[in-house]
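Colleague: Could you take me through one part of this model, the largest nonpolar core, and tell me which residues and elements build it?

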Amino acid sequence: MAVGAVSLNTFRETIRNRVLVNILVFAVAIIFLGLAVGDWSMGHQVKVIKDFGLSAMSLFGLLIAVFIGIRMVVEEIEGRTIYIIASKPVPRWHIVTGKFAGLALTLLLNIVLMSIALFAAGFVMESGIDLHLIPAIILIYIEILIIVSFALFFSSFTSPTLASLFTIVIFIVGHLSTFLRDYVELYPDKGLHWLYRIIYYIVPDLEKLNIKMAAVEHIGTNAGMFWTAFAYGICYMLLIHIITVVIFSKKDF
Amino acid sequence: MKFLKKAGVGIACAGLMLAIHGSQSAMDTRHSIRFVDLSPVFLPKGRVLKACTMGYRSAVADALWMKSVLYYGRRVIDDDNPYYVYAEKKGTYAGEMEAVQKRGTAETADPVRRELQHILNKQSSRGLVTYIYPLLQRVADLDPQFLFPYIFGGVYVLLDTGDINEAEALLLKGYKANPGAWQFPFYLGWISWMYRGDRVSTYRFLQRAIAMDDCPSYVKTLYTGLSRELGKKQEAALYLESLIESTDNMEMKEQLAETLEQLRKEL
């Protein structure tokens, strides 16, 4: 199956990337930095470590998704290696899906490594592993996959610089879109509330996938909520991926 | 075949859009805008903040000041607070407050719960604004010459919370950092009068306030009025005389002379 071959190749290619290694080392260092910074928190050291760790996972996952995700397709086109694959009887969607799956695998490996670092730091502090963090980590991974799908989507029709910019904007707006909904609720008669509502439904609501605080403080995340957020993230990612495949299929090399 | 492919993609996209909308709406129904927000504010001590902000101390002070205003505005019970208005309109306000009270009164060994109890014990009748003074203290640490945060905490927040000690501590900190600003002795005097009922202290604070160059005339009028009430007219007249002699500011000299003349008529 071409998807498997492309994804395995992409996985090998990305784990050899020095940028990835640097980002990963830095992320793990940040998680352990929480041990030192936690000292200033007046009795909330474990909380600080967990907050730092989950935030580092999300932030560095975003960086990997943006910088490696965008370069992945662009490098193939600029290095003209895409011609070799495109000239073979391999459907275009296999190439895009393979690339996506390969990067998803790399990101999974990163998340697992960062989680081990976080659990190790937590273990040092409270002599146990906090399993409440696992749902939050899974949703961080889903969120990063949505960002990867946007990175591939933008890089399929625009320049790498603009694609990076647009993807980061999607990340920021995605985390702020809840405010739009709240604004419409709190001020129903003010401003362009219909426009805010449209933006809210178009842009991914990444805050739905953010249960970091609830996971750290062991409050209010039930299974129903988790699975709804999970399904939401997967559907969104698939939708963007299908649109990317359609655009990529129509592209002339 | 091509048409079937296109139709398949279209149907898949439509199905995914429906699923996205459905799951998003399902999560939205569980989301509610709450007036009661007890999320704690974690801030390092002022000196640590100073070191961290390096050359951007005043910019960080401004950002913290804005955070303080938003923190206060979000939590204070007021008809200008959209969160409060929303909770009132939806009829959830009483329930939210009751739930918080219940959580706070339960005896517990859990440190997080204990902190919550501490917050609730300190809460004011006008809202849950426990962290406003620590926030304002940080702003003062970062930018000691920024006057309004002191006055905001020392007067406006005090009117809502009645937390005299915190308000006085903030104003005294401001006075120490800005010994030439008349506002600090004036408002410290106001607290002594209104909250402590100590008019002699008020008199002493006003005495210091009127010695400042840009002190408005109403403070001088207040000072003479208070000296009359406390039977200290002679002392006040002597003090005004000494101020007139010591200042080079002509406008201030005139204002003080006017006040002194009025006082002398009564002697």
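Modeller: What follows looks at that core, then at the chain around it and at the contact between the chains. Please keep in mind throughout that this is a predicted model. The largest nonpolar core holds 66 residues, and among these V148(A) and A151(A) touch the most other members. Several helices of chain A, namely α2 (18-37), α3 (45-78), α5 (92-126), α6 (133-155), α7 (160-186), α9 (212-216) and α10 (223-250), each give at least two residues to this core, and α1 of chain B does so as well. The largest share comes from α6(A), which supplies 17 residues. If we look at V148(A) and leave aside residues up to four places away in sequence, we find that V148(A) touches A65(A), G69(A), F100(A), L103(A), A104(A) and L107(A). There is also a second, separate core of 40 residues, which includes Y72(B), I210(B), A236(B) and L256(B).

As for the chain around the first core, chain A has 10 helices and 0 strands, and 40% of its 253 residues are buried. When we take the contacts in chain A between residues at least 6 apart in sequence, 81% of them join residues at least 24 apart.

Because α1 of chain B has appeared in the first core, the contact between the chains deserves a look too. That contact takes 21 residues from chain A and 20 residues from chain B. On the side of chain B that touches chain A, α1 (2-30) and α4 (82-90) each supply at least two residues, with the largest share, 13 residues, coming from α1(B). The residues of this side divide into 16 nonpolar, 3 polar and 1 charged.

Definitions and conventions. Residues are numbered from 1 along each chain as its sequence is written. Chains are lettered from A and ligands numbered from 1 in the order in which they are written. This is a predicted model: local features need pLDDT of at least 70, side-chain atom pairs count only at pLDDT 80 or more; totals for chains, interfaces and linings use all residues. Two residues are in contact if their C-beta atoms, placed from the backbone, lie within 7 Å. Helices (H or I, at least four residues) and strands (E, at least two) are DSSP runs, numbered from the N terminus. Ala, Val, Leu, Ile, Met, Phe, Trp, Tyr, Cys and Pro count as nonpolar, Asp, Glu, Lys and Arg as charged, and the others, Gly among them, as polar. A residue is buried if 20 or more other C-beta atoms lie within 10 Å of its own, exposed if 12 or fewer, and partly exposed in between; C-beta atoms are placed from the backbone. A nonpolar core is a set of buried Ala, Val, Leu, Ile, Met, Phe, Trp, Tyr and Cys residues joined through C-beta atoms within 7 Å.
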